[in-house]
Amino acid sequence: MTTAFIRTTTRTVTFSHPFSLSSVEGMQPAGSYVVETDEELVDSLSFPVYRRTATWLHLPRSGGSATGGMAMSQTARIDPDELDRVLKAGETESLGHQDDHHDKERAG
């Protein structure tokens, strides 16, 4: 059994206009979104290097009601290069680089 060291970096991006990404169905409303990036430690080198393994976008809750009904939240796996292109296109602004780190070991 191999143990992989995975770290998750969390940041917040703000879209000032509705936007779309190829892996997310439909237009998404303007607002702030949490983006998580998972990275795996490459252990074959003599110095620490991390390889990105997944990037996730947390979407707003849908299906609930203002009176406290059940709501479903969604997390979509996205292409980080596509997100970067949207960010660079001036449609968004990034709030900070890294808000939080979560390091964990996973058996894999």
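**Notes on the core, the rings and the confidence**

1. Starting with the inside: the largest nonpolar core has 14 residues, and the members touching the most others are Phe15, Leu21, Val24, Tyr33, Leu57 and Ile78. Two or more residues each come from strand E1 (3–15), strand E2 (31–42), strand E3 (49–62) and helix H1 (80–91). The top contributor is H1, which puts in three residues. Bear in mind while reading that this is a predicted model.

2. For orientation, the protein has five strands and one helix. Going from the N terminus, the order is β-β-β-β-α-β. The chain is 108 residues, and 30% of them are buried. If you take contacts between residues at least 6 apart in sequence, 55% of them connect residues at least 24 apart. As for the surface, about 7200 Å² is exposed, with carbon and sulfur atoms accounting for 50% of that.

3. How far does the confidence go? The mean pLDDT of the protein is 78, with 69% of residues at 70 or more. E2 comes out highest, with a mean of 94, while strand E5 (residues 92–107) is lowest, with a mean of 49. Across residues 91–99 the pLDDT falls below 50, yet the model still gives this stretch 21 contacts beyond near neighbours in sequence. I'd keep that in mind when looking at the C-terminal strand, E5, where the mean is 49.

4. Now the aromatics. How many aromatic pairs does a search of the whole structure find? The count is four. One is Phe15 with Phe19: the ring centres are 3.5 Å apart and the planes meet at 10 degrees, so this pair is stacked. Both Phe15 and Phe19 are buried. Another is Phe19 with Tyr33, which counts as edge-to-face because the planes are at 90 degrees, with the centres 5.1 Å apart. That second pair ties together distant parts of the chain, since Phe19 is in the loop between E1 and E2 and Tyr33 is in strand E2, 14 residues apart.

5. Together, Phe15, Phe19 and Tyr33 make one aromatic cluster. Is Phe19 buried or exposed? Its relative accessibility is 2%, so Phe19 counts as buried. Tyr33 is buried too, at 3% relative accessibility. Two of the cluster's residues, Phe15 and Tyr33, also turn up in the list of core members that touch the most others.

6. Next to Tyr33 in the fold, have a look at Val13, which sits in strand E1. Val13 and Tyr33 are 20 residues apart in sequence, but their C-alpha atoms are 5.4 Å apart. With a relative accessibility of 0%, Val13 counts as buried.

7. Where does Leu83 lie? Leu83 is in helix H1. Its relative accessible area is 0%, which is why Leu83 counts as buried. Setting aside residues up to four places away in sequence, Leu83 touches Arg11, Phe15, Leu21, Val35 and Ile78. From Leu83 to Leu57, 26 residues apart along the chain, the C-alpha separation is 9.6 Å.

8. Leu21 gives the view from the other side of that contact. Outside its neighbours within four places in sequence, Leu21 is in contact with Leu57, Ile78, Glu82, Leu83 and Val86. Leu57 and Ile78, like Leu21, are among the core members with the most touches.

9. Over in strand E3 there is Thr55. Thr55 has a relative accessibility of 3%, so this residue is counted as buried. Which residues is Thr55 in contact with, leaving aside neighbours within four places in sequence? The set is Val35, Glu36, Thr37, Ala76, Arg77, Ile78 and Pro80. Ile78 is a name that keeps coming back: Leu21 is in contact with Ile78, and Leu83 touches Ile78 as well.

10. Last, a charge and a ring. The charged end of Arg7 is placed over the ring of Tyr50, at 3.8 Å from the ring centre.

Terms used: Residues are numbered from 1 along each chain as its sequence is written. This is a predicted model: local features need pLDDT of at least 70, side-chain atom pairs count only at pLDDT 80 or more; totals for chains, interfaces and linings use all residues. Side-chain values use heavy atoms; hydrogens and water are left out. A nonpolar core is a set of buried Ala, Val, Leu, Ile, Met, Phe, Trp, Tyr and Cys residues joined through side-chain atoms within 4.5 Å. Buried means under 20% relative accessible area, exposed over 50%, partly exposed in between (1.4 Å probe, protein chains only). Helices (H or I, at least four residues) and strands (E, at least two) are DSSP runs, numbered from the N terminus. Contact means heavy atoms within 4.5 Å. Accessible areas come from the Shrake-Rupley method with a 1.4 Å probe; for residues, only the protein chains shown count as cover. pLDDT is the predictor's confidence in each residue, from 0 to 100. Rings of Phe, Tyr and Trp (its six-membered ring) pair if their centres lie within 6.5 Å; planes under 30 degrees apart count as stacked, over 60 as edge-to-face and the rest as tilted. A charge sits over a ring if NZ of Lys or CZ of Arg is within 6 Å of the ring centre and within 35 degrees of the ring normal.
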